[in-house]
Amino acid sequence: QVQLVESGGGLVQAGGSLRLSCAASGRTASSSAMGWFRQAPGKEREFVATINFSGGTTYYADTVKGRFTISRDNAKNTVYLQMNSLKPEDTALYYCAAREMSYMSFEEGKYDYWGQGTQVTVSS
């Protein structure tokens, strides 16, 4: 059993930055691959970024590559999403997700646990 709690969302102007955090707890949290997804009103949930259990491998959606950075601190059981050069189209509810296996994935169905989400709103 893994529990995830996101934080760090808010309102920011275009071009600004935010850092999202995902605090994980549970027996398998330290060995789980993690991912970030987002969903805007009227749109399907989409993949943003993922990181393997050790933090040595990452993968990003083309829409955020070069602007967002996913990282993790296993000692703190926390995953981060640093978001720079934010655009209005980045506005969405951002979800943290975890899977019991160590390999990263961009597929929603591969993840076993989900947080409640944190809202990010980027104004123009």
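This report describes the nonpolar core and one open sheet of a predicted model.

Residues are numbered from 1 along each chain as its sequence is written, and side-chain values use heavy atoms, with hydrogens and water left out. Local features need pLDDT of at least 70 and side-chain atom pairs count only at pLDDT 80 or more, whereas totals for chains, interfaces and linings use all residues.

**Nonpolar core**

The largest nonpolar core (buried Ala, Val, Leu, Ile, Met, Phe, Trp, Tyr and Cys residues joined through side-chain atoms within 4.5 Å) has 33 residues, and those with the most contacts inside it are Leu4, Trp36, Leu81, Met83 and Tyr94. The strands (DSSP runs of E, at least two residues, numbered from the N terminus) that each supply at least two residues of this core include the following.

| Strand | Residues |
|---|---|
| β1 | residues 2-7 |
| β3 | residues 18-26 |
| β8 | residues 78-83 |
| β9 | residues 92-99 |

With 5 residues, β9 gives the most to this core.

Ala97 is found in strand β9 and counts as buried (under 20% relative accessible area, with a 1.4 Å probe and protein chains only) because its relative accessibility is 0%. Leaving aside neighbours within four places in sequence, Ala97 is in contact (heavy atoms within 4.5 Å) with residues including Leu4, Met34, Phe37 and Trp114.

**Open sheet**

An open sheet of 4 strands has the order β1-β3-β8-β7 with antiparallel pairing, where two strands pair if DSSP finds at least two bridges between them. Its edge strands, β1 and β7, each pair on one side only. Within this order, β3 and β8 pair in the antiparallel sense over 6 bridges, and Arg19 stands opposite Gln82 in β8.

Note on methods:
Buried < 20%, exposed > 50% of the residue type's maximum accessible area, 1.4 Å probe, protein only.
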